[in-house]
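Me: Please take me through how to read some features of this model.

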Amino acid sequence: MKKYFLGALLAISVFAFSSFVLANRADDYASFKQDFLDLINETRAKGCKCGNTYMPPAPPLTWNNDLEEAAKGHARDMAKRKYFSHESKDGRTMNTRIITAGYIYKGWKSFMIGENIAFGQTSIPEVMAGWFKSEGHCRNLMNPGFKEVGVAEHDKYWVQDFGGREAFSAEQQKLIKSGKYRLIQRGPEH
């Protein structure tokens, strides 16, 4: 009986510890996302200088899981293959990675994407400060056309993917369905 009691106690302890670890990971993940959104949106709300150009305030970004998946894949790939580039070693571009991750353009009135990458930073504030100091990266962060973001870090490789899609208005949707409005869709490469 004592043997079964000790076994049950051990099983409960392992379960409790596992639950604690999983809960902490979920909290860390939520904090990761929120920390990025807070730092980005705080600056977007005020506006800032990107190089010599003042960028006026822009609407806040929201988190997009498809963009996050694209960022995760690229961060892991760069870390695994030891390179640093917007183009993957296998020739995939940002466009291909983002669309493959599920952030599609078909069916939207407008579509735009962008990407920031960094290497070596050890914290969210450090990588964000670097991106805001770089004119091109800062312009991505402040671009009012971008509405969504997904970010990932893997072994100090950081990837931040942006997206902006605009839906058709209800009136435009009616016209499209009736055949009175014709769509000519081109991919994001054009």
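Reply: Start with Asp 155, which counts as exposed because its relative accessibility is 51% (buried is under 20% relative accessible area, exposed over 50%, partly exposed in between; 1.4 Å probe, protein chains only). Asp 155 lies in the loop between strand 5 (148-154) and strand 6 (157-166) (helices, H or I, of at least four residues and strands, E, of at least two are DSSP runs numbered from the N terminus). Its phi is positive, about 50 degrees, although Asp 155 is not a glycine.

Me: Where is Lys 82 found?

Reply: Lys 82 is in the loop between helix 2 and helix 3 (94-100), with phi near 55 degrees, positive in a residue other than glycine.

Me: How should confidence be read?

Reply: This is a predicted model: local features need pLDDT of at least 70, side-chain atom pairs count only at pLDDT 80 or more, and totals for chains, interfaces and linings use all residues. Residues are numbered from 1 along each chain as its sequence is written, and side-chain values use heavy atoms, leaving out hydrogens and water. pLDDT is the predictor's confidence in each residue, from 0 to 100. The chain averages 86; confidence is lowest in helix 1 (residues 2-46), at a mean of 68, and highest in helix 2 (residues 65-81), at 98.

Me: How is a helix pair described?

Reply: Two packed helices are described by the angle and the distance between their axes. Helix 4 (residues 124-133) and helix 5 (residues 135-142) have axes that come within 5 Å and cross at roughly 100 degrees (axes are lines fitted to C-alpha atoms, for helices over the stretch in contact, with angles from 0 to 180 degrees between N-to-C directions).
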